[in-house]
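User: I would like a close look at one spot in this model, and then at what surrounds it. Please keep the steps short and plain.

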Amino acid sequence: TKKDIKYFFVLNFNGTKKLTKSLNLKNLKSFIFISTVSVYGLDKGDLIDESYPLLGSSPYSLSKIKAEKFLINFGKINNIKIVILRLPLITGTNPNGNLKYISEAIKKGYYFRIGKGTAKRSIVSANDVAKLIPYLFNLNGIYNFTDCNHPMIRDIDSAIALKYNRKIKTLPLVLMKLIGKLGDILNFLPFNSLMLNKLTKNLTFSNQKIINEIGYRPTKGLS
């Protein structure tokens, strides 16, 4: 909705600007901003690194991109170190975003895995993000942060299903391809080929830059 779109910018962009105005710049040496890999705007790809262009077009992505650009300029003007930390799916006790929706669907029994679920996804645990923060104060730059395993979708949904003692139901890939093509023609259908690609293609991001600079290796995101 228009209200949702406005909220993204009020929170992620305007909120960030207001925060910087409230700070005592004389004592501020470092600013760490939690961003997202969705700024790349990709539906598929393998080990995407920080040099990839920002093609995100969703309201969420655009609000984060604006905030990133503002902070980078803010850091240069005020001689403050800026760290942009781009995160993928975040795992934890009470996950948000897509993992929250997947968990709810599995718990309530209306989740379906498409095909064999072998597409890989980057994830990171909330615990690892918290442990990483103290290592960032002397850095200045943009970093992806993911676990090093990039599990398959079937690993992710199976771990959630085990938690709720549920069985994963599957839908044949061939059938979903046909439904996707039908959705391409009939716009009112909630599923199309683009959505199918999102659910069946690899989408992973490289964390090599941050590992090389500080030597911090995250745990398994599903552990």
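Is Asn 212 buried or exposed, and why?

Analyst: First, a caution: this is a predicted model. Asn 212 is exposed, because its relative accessible area is 57% and the cut-off for exposed is over 50%. Asn 212 sits in helix H8, which covers residues 208-214. As a distance marker, take Ser 58. Ser 58 and Asn 212 are 154 residues apart along the chain, and their C-alpha atoms are separated by 31 Å.

Now look at what else H8 does. The largest nonpolar core has 13 residues. Among those with the most contacts inside this core are Leu 85, Phe 145 and Ile 210. Helix H8 supplies at least two residues of the core, and so do strand E3 (81-87) and helix H4 (126-132). E3 gives the most, with three residues. This fits a broad trend: nonpolar side chains tend to be buried together in soluble globular proteins.

Follow one member of that core, Leu 85. Leaving out residues up to four places away in sequence, Leu 85 touches Phe 33, Ile 34, Ser 35 and Thr 36. The list of its contacts also includes Val 129, Leu 132, Ile 133 and Leu 136. Tyr 143, Phe 145 and Ile 210 are touched as well. Apart from this core lies another one, of 10 residues, including Leu 99, Ala 105, Ile 106 and Ile 156.

Next comes the sheet. Three strands make an open sheet in the order E1-E3-E7, with parallel pairing. Its edge strands are E1 (30-36) and E7 (141-144), each pairing on one side only. On average, neighbouring strands here are turned by 20° against each other, with direction ignored. E1 and E3 run parallel and are joined by seven bridges. One of the pairs is Ile 32 with its bridge partner Val 83 in E3. E3 and E7 also pair in the parallel sense, over four bridges. There, Leu 85 has Tyr 143 of E7 as its bridge partner. Helix H2 (residues 59-78) packs on the sheet and touches E1, E3 and E7. The direction of H2 makes about 160° with that of E1. E1 itself is mostly covered, with five of its seven residues buried.

Stay with H2 for a moment. H2 has 20 residues and reaches 28 Å from its first C-alpha to its last, close to the 28 Å expected at 1.5 Å a residue. Its buried residues include Ile 65, Leu 71 and Phe 74. Polar or charged names appear in that list too, such as Ser 61, Lys 64 and Glu 68. The buried residues of H2 pack against helix H1 (2-21), E1 and E3. Just after H2, Asn 79 takes a positive phi of about 55°.

Helix H3 (residues 97-108) makes a useful second case. H3 has 12 residues and reaches 17 Å from its first C-alpha to its last, close to the expected 16 Å. Leu 99, Ser 103, Ala 105 and Ile 106 are buried in H3. Seen down the axis of H3, its buried residues fall within an arc of 165°, so they line one face of the helix. The face turned away from that buried side carries the exposed residues Tyr 101 and Lys 108. What covers the buried residues of H3 includes strand E4 (89-91) and helix H5 (153-164). Gly 109 follows H3 and has a positive phi, near 85°.

Two loop residues round off the picture. Most residues other than glycine have a negative phi. His 150 is not a glycine, yet its phi is positive, about 50°. His 150 lies in the loop between E7 and H5. His 150 counts as buried because its relative accessibility is 10%, and the cut-off for buried is under 20%. Asn 165 is not a glycine either, and its positive phi is about 55°. Asn 165 is found in the loop between H5 and strand E8 (169-171). Asn 165 counts as exposed, because its relative accessibility is 72%.

Back to the start. Asn 212 is exposed, while the helix that holds Asn 212 supplies at least two residues of the largest nonpolar core.

Methods:
Residues numbered from 1 in each chain as written. Predicted model: local features only at pLDDT ≥ 70, side-chain atom pairs only at ≥ 80, totals over all residues. Heavy atoms only, no water. Buried < 20%, exposed > 50% of the residue type's maximum accessible area, 1.4 Å probe, protein only. Expected span 1.5 Å × (residues − 1). Arc of directions from axis to C-beta. Contact = heavy atoms within 4.5 Å. Core = buried A, V, L, I, M, F, W, Y, C linked by side-chain atoms within 4.5 Å. Pairing = 2+ DSSP bridges. Axes fitted to C-alpha atoms, helices over the stretch in contact; angles between N-to-C directions.
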